[in-house]
Amino acid sequence: MRTKINLVLLSLCAVLLFGMKVSAQTDSEPKEALVKVYYFHVNKRCATCKAIESEAQQDVKELFGSKVSFVSYNLDQPDGEAKGKELGINSQALLVVKGKKKINLTNEGFLYARTDPGKFKKVIEEKIKSLL
């Protein structure tokens, strides 16, 4: 009888310890950003194209930290071409993506990245916050 009680207690301790370990691992694992910002470009880029990338990347990092990821792809490279096809992109573009929802900020980038970076930052903030 005593052996059965010890076995039950040992099993209970093992279950509790395993459960604590699993929950500790899940809490500390980094979570992948649900909102992603993609910037697509080609080999030849103008000053505005470069400004869109640098301003958008800086703004996303400042405003959202690790909650939102930023990735730049060159459409002239195989990985960029593949990602572009996946998202339906074949030219320069700035996209905010969450699941199946896509917000295209390319026009705003060309309008404001060089001439009014403050306004560009506000647009980025507004569009991304609507997805968080």
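What follows is a working chat about a predicted model of one protein chain.

Q: Before we get into details, what pattern of helices and strands does the protein chain follow along the sequence?
A: Keeping in mind that this is a predicted model, the protein chain has 5 helices and 4 strands, and reading along the sequence they come in the pattern α-β-α-β-α-β-β-α-α.

Q: And how much of the protein chain is buried?
A: Buried residues make up 33% of the 132 residues in the protein chain. As for the surface, the protein chain exposes about 9,100 Å², and carbon and sulfur atoms supply 56% of that area.

Q: What share of the contacts comes from residues 24 or more positions apart?
A: If you take the contacts in the protein chain with a separation of 6 or more, residues 24 or more positions apart account for 70% of them.

Q: Let's look at α2, then; how many residues does it have, and what distance does it reach?
A: Helix α2 runs over residues 47–64, which gives it 18 residues, and from its first C-alpha to its last it reaches 25 Å, close to the 26 Å expected at 1.5 Å a residue. After α2 comes G65, whose phi is positive, near 55°.

Q: Which residues of α2 are buried?
A: The buried residues of α2 are T48, C49, A51, I52, E53, E55, A56, D59, V60 and F64.

Q: What do those buried residues pack against?
A: The buried residues of α2 pack against three strands, β1 (35–41), β2 (68–74) and β3 (93–98), and also against two helices, α4 (106–112) and α5 (117–129).

Q: Take T48 as an example; what is T48 in contact with, leaving aside its neighbours within four places in sequence?
A: T48, which sits in helix α2, is in contact with F110 and R114 once those sequence neighbours are left aside. The relative accessible area of T48 is 16%, so T48 is buried.

Q: Switching to cysteines, how many disulfides does the structure hold?
A: The structure holds 0 disulfides. C46 is in no disulfide, and the nearest cysteine sulfur to that of C46 belongs to C49, 3.4 Å away.

Q: Why is there no bond from C49 to C46?
A: The sulfur of C49 is 3.4 Å from the closest cysteine sulfur, that of C46, and this is too far for a bond, because a disulfide here requires the sulfur atoms to be within 2.5 Å.

Q: Are C46 and C49 buried or exposed?
A: C49 counts as buried, at 4% relative accessibility, whereas C46 is partly exposed, with a relative accessible area of 36%.

Q: Next door in the sequence, where is R45 found?
A: R45 is in the loop between β1 and α2, and at 25% relative accessibility it counts as partly exposed.

Q: What does R45 touch, apart from its neighbours within four places in sequence?
A: With those neighbours left aside, R45 is in contact with Y39, K50 and E53. The side chains of R45 and E53 are joined by a polar contact of 2.5 Å, and E53 is itself one of the buried residues of α2.

Q: And how far is R45 from Q92 in space?
A: R45 and Q92 are 9.3 Å apart in space, C-alpha to C-alpha, although 47 residues separate them in sequence.

Q: Moving on to the aromatics, how many aromatic pairs does the structure hold?
A: The structure holds 3 aromatic pairs. One of them is formed by Y38 and Y73, and this pair is tilted, at 6.1 Å centre to centre with 35° between the planes. The pair links distant parts of the chain, with Y38 in strand β1 and Y73 in strand β2, 35 residues apart.

Q: Are Y38 and Y73 buried or exposed?
A: Y38 counts as buried at 6% relative accessibility, and Y73 is buried too, with a relative accessible area of 17%.

Q: How are the rings of F40 and Y73 arranged?
A: The rings of F40 and Y73 have their centres 5.7 Å apart and their planes at 20°, so this pair is stacked. F40 in strand β1 and Y73 in strand β2 are 33 residues apart, and their pair likewise links distant parts of the chain. F40 is buried, with a relative accessible area of 0%.

Q: Which residues do the ring pairs link into a cluster?
A: The ring pairs link Y38, F40 and Y73 into a cluster.

Note on methods:
Residues numbered from 1 in each chain as written. Predicted model: local features only at pLDDT ≥ 70, side-chain atom pairs only at ≥ 80, totals over all residues. Heavy atoms only, no water. Expected span 1.5 Å × (residues − 1). Buried < 20%, exposed > 50% of the residue type's maximum accessible area, 1.4 Å probe, protein only. Contact = heavy atoms within 4.5 Å. Areas by Shrake-Rupley, 256 points an atom, 1.4 Å probe, with all protein chains shown as cover. Phe/Tyr/Trp six-rings, centres within 6.5 Å; stacked < 30°, edge-to-face > 60°. Polar contact = N/O pair within 3.5 Å; in protein donor to acceptor, adjacent residues only side chain to side chain.
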